[in-house]
Amino acid sequence: MNGAPAASGIVVRSTRNKGRGVFAVRDFVQGETIESTPVIFIPGEQKSHIERTALDLYVYKFGPEDTHLALPLGYGSLYNHSFSPNADFIRRWEEQLIDFVAIRDIGQGEEITVNYNGEPEDQSPIWFEVTE
Amino acid sequence: MTRHSMQLEVRGTTSKGRGVFACNAFKRGDIVETVPVIVIPCEQWDFIEPTTLEQYIFNFGPQGEHAAIALGYGSLYNHSYSPNAHYMKSWEEQLIRFVALRDIEEGEEITVNYNGSAEDHKPVDFDVEE
């Protein structure tokens, strides 16, 4: 896929084997916020519905106790998982935002990835087979 | 305030929750934003309808038979019966394009008519404050 705005420094396009992904169209330095995305808030009691839809693959746990869900807008729903990610996500409950932040320098053209376990170093298995 | 595209920002409105605002001027016909979507097949609709996502859904598909959630800021444009933008869905590309219907000034809120066509004054499913 192409054509999404590049002005913000990132673009969405197809990956070889992981569907869509988010790519840097300029360099980012370690610590830089790549994107700060608004979210659609989904109260915890609606979880059982969401789990039965395509959105289950895209939602983040959200809330003070992680009891709710949030669907990130912007490109927040399209970052792929990696066990050696170059970015991290920071959930901001009060502001209903998720920040995606570079955890090392990222070069133009690189795919931007996060660890779906939450902590960049967390090597616990996730719910699908990972192709790095 | 959050910024995804450098040309747009999301912030609170006085009476309609969040909205999308122009950070620079757009000319009539300019693409304001092109957004990817998440497609929700029609057989999952029964599970979406009782959730907060229901109010964000676009009809999508060759016959509009499926649903889609617009990413980017596509889910946050407010409705107006005198909108300054409209949206064009592309099933093949799995995208929605938001296009300026008239010149838009820096700082203006960008709105679309949720009925799909800019002139369509059919009621929408909430009270409209212009």
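**Notes on the two-chain model**

1. Let's start with a loop residue: Gln96(A) is partly exposed, because its relative accessible area is 24%, and that falls between the 20% and 50% cut-offs. Bear in mind throughout that this is a predicted model. Gln96(A) sits in the loop between β7 and β8 (97–102) of chain A. Its backbone deserves a look too, as phi of Gln96(A) is near 55°, a positive value in a residue other than glycine. For context, most residues other than glycine have a negative phi.

2. Chain B has a glutamine with a positive phi as well: Gln94(B), where phi is near 60°. Gln94(B) belongs to the loop between β7 and β8 (95–100) of chain B. With a relative accessible area of 25%, Gln94(B) is therefore put in the partly exposed class.

3. On to the overall fold of chain A. You'll find one helix and nine strands there, and from the N terminus the order is β-β-β-α-β-β-β-β-β-β. The radius of gyration of chain A is 14 Å, which agrees with the value near 14 Å for a compact globule of 132 residues. Along the principal axes, the C-alpha atoms of chain A fill a box of roughly 40 × 30 × 30 Å. Burial comes out at 53% of the 132 residues. As for contacts in chain A between residues at least 6 apart in sequence, 64% of them join residues at least 24 apart.

4. Now chain B. One helix and nine strands make up its list of elements, and the pattern along the sequence reads β-β-β-α-β-β-β-β-β-β. For 130 residues, a compact globule would have a radius of gyration near 14 Å, and chain B agrees at 14 Å. The C-alpha trace of chain B spans about 40 × 30 × 30 Å along its principal axes. Of its 130 residues, 52% count as buried. Take the contacts in chain B with a separation of 6 or more, and 66% of them are between residues 24 or more positions apart.

5. If you're after pockets, the largest one has a volume of about 1,000 Å³. Its lining comprises 35 residues, and the closest to the centre are Gln55(B), Tyr56(B), Ile57(B), Tyr114(B) and Phe126(B). Four strands of chain B give two or more residues each to that lining: β4 (58–60), β5 (66–70), β6 (78–79) and β7 (85–90). Sorted by class, the lining of the largest pocket holds 17 nonpolar, 10 polar and eight charged residues.

6. The second largest pocket contains about 860 Å³ of space. Among the 30 residues lining it, those closest to the centre are Leu57(A), Tyr58(A), Tyr116(A), Trp127(A) and Phe128(A). The elements of chain A that supply two or more lining residues here are α1 (47–50), β4 (60–62), β6 (80–81) and β7 (87–92). The class split for the second largest pocket is 13 nonpolar, eight polar and nine charged.

7. Glu111(A) is worth a click. Is this residue buried or exposed? Glu111(A) counts as buried, because its relative accessibility is 17%, under the 20% cut-off. Glu111(A) is part of strand β9 (residues 111–114) of chain A. A polar contact of 2.7 Å links the side chains of Glu111(A) and Asn80(A). Leaving out residues up to four places away in sequence, Glu111(A) touches Thr15(A), Lys18(A), Gly21(A), Val22(A), Phe23(A), Asn80(A) and Asn86(A).

8. Last stop, Ser90(B), which is in strand β7 of chain B. Its relative accessibility is 9%, so Ser90(B) counts as buried. Which side chain does Ser90(B) pair with in a polar contact of 2.9 Å? That partner is Glu93(B). Setting aside neighbours within four places in sequence, Ser90(B) is in contact with Phe60(B), Leu95(B) and Arg97(B). If you want a distance to check in your viewer, Ser90(B) and Thr14(B) are 32 Å apart in space, C-alpha to C-alpha, and 76 residues apart in sequence.

Key. Residues are numbered from 1 along each chain as its sequence is written. Chains are lettered from A and ligands numbered from 1 in the order in which they are written. This is a predicted model: local features need pLDDT of at least 70, side-chain atom pairs count only at pLDDT 80 or more; totals for chains, interfaces and linings use all residues. Side-chain values use heavy atoms; hydrogens and water are left out. On a 1 Å grid over the protein atoms alone, a cavity is a set of points where a 1.4 Å probe fits but cannot get out, and a pocket is an open set with protein on both sides within 12 Å along at least five of seven lines; lining residues have an atom within 4 Å of a point. Grid points are joined across faces, edges and corners, and a volume is the space filled by probe spheres set on the points. Ala, Val, Leu, Ile, Met, Phe, Trp, Tyr, Cys and Pro count as nonpolar, Asp, Glu, Lys and Arg as charged, and the others, Gly among them, as polar. Buried means under 20% relative accessible area, exposed over 50%, partly exposed in between (1.4 Å probe, protein chains only). Contact means heavy atoms within 4.5 Å. A polar contact is a pair of N or O atoms within 3.5 Å; within protein, one must be able to donate a hydrogen and the other to accept it, and residues adjacent in sequence count only if both atoms are side-chain atoms. The radius of gyration is taken over C-alpha atoms; the globule rule is 2.2 Å times the number of residues to the power 0.38.
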